[in-house]
Amino acid sequence: MQMNVGTVDRVIRIAVGLLLIGLAATGRVGVWGWIGVVPLITGLFRFCPAYSILGVKTCSAPKPDAKS
């Protein structure tokens, strides 16, 4: 499992996930708010299965090793 979620994408996913879960837990939205678990998990693990299928990668490329 290779990382394919970048830093900005990760922060947005975690924030949206926590917001949806919080709204669902307090009863402000219906049970659909628990879907916030999905962006939360993908943000925490920095891996999105849908990105893999679509060939999308929002994280920066690894820096090559500098050899002398």
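User: Buried means under 20% relative accessible area, exposed over 50%, and partly exposed in between (1.4 Å probe, protein chains only). Going by that, which residues in helix 2 are buried?

Analyst: This is a predicted model, where local features need pLDDT of at least 70, side-chain atom pairs count only at pLDDT 80 or more, and totals for chains, interfaces and linings use all residues. Residues are numbered from 1 along each chain as its sequence is written, and side-chain values use heavy atoms, leaving out hydrogens and water. Helices here are DSSP runs (H or I, at least four residues; strands are E, at least two), numbered from the N terminus. In helix 2, the buried residues are Pro39, Leu40, Thr42 and Gly43.

User: Which helices do the buried residues of helix 2 pack against?

Analyst: Helix 2 itself covers residues 37-45. Taking contact as heavy atoms within 4.5 Å, its buried residues pack against helix 1 (7-25) and helix 3 (49-54).

User: Is Ile41 buried, exposed or partly exposed?

Analyst: Ile41 sits in helix 2. It helps make a nonpolar surface patch of about 800 Å² along with Met1, Val31, Trp34, Val37, Leu44 and Phe45. Patches are built from residues with over 30% relative accessible area and no salt bridge, joining like charges within 9 Å and nonpolar side chains (Val, Leu, Ile, Met, Phe, Trp, Tyr) within 5 Å; the areas come from the Shrake-Rupley method with a 1.4 Å probe, and for residues only the protein chains shown count as cover. At a relative accessible area of 41%, Ile41 is partly exposed.

User: Which two side chains meet in a salt bridge?

Analyst: A salt bridge is a side-chain nitrogen of Lys or Arg within 4 Å of a carboxyl oxygen of Asp or Glu, and searching the whole structure turns up one. Its partners both lie in helix 1, four residues apart, about one turn of the helix. The N to O distance is 3.1 Å, and the pair is Asp9 and Arg13.

User: And what is the relative accessibility of Arg13?

Analyst: Leaving aside its neighbours within four places in sequence, Arg13 is in contact with Val5, Pro39, Leu40, Thr42, Gly43, Cys48 and Tyr51. Its salt-bridge partner Asp9 counts as buried at 16%. Arg13 counts as buried too, with a relative accessibility of 13%.

User: Why do Cys48 and Cys59 not form a bond?

Analyst: A disulfide is a pair of cysteine sulfur atoms within 2.5 Å, and the structure holds zero of them. Burial is a separate matter: Cys48 is buried at 8%, and Cys59 counts as buried at 16%. The two don't bond because the closest cysteine sulfur to Cys48 is in Cys59, too far away at 12 Å.

User: What is the phi of Arg46?

Analyst: Arg46 comes just after helix 2, in the loop between helix 2 and helix 3, and counts as buried at 19% relative accessibility. Most residues other than glycine have a negative phi. Arg46 has a positive one, near 60°.

User: How far apart are the end C-alpha atoms of residues 12-35?

Analyst: UniProt lists that span as a "transmembrane region" in an unreviewed entry; its positions follow the numbering used here, feature names are shortened, and annotations may be inferred rather than shown by experiment. In the model, the span is 58% helix and 0% strand. The distance between its end C-alpha atoms is 15 Å.
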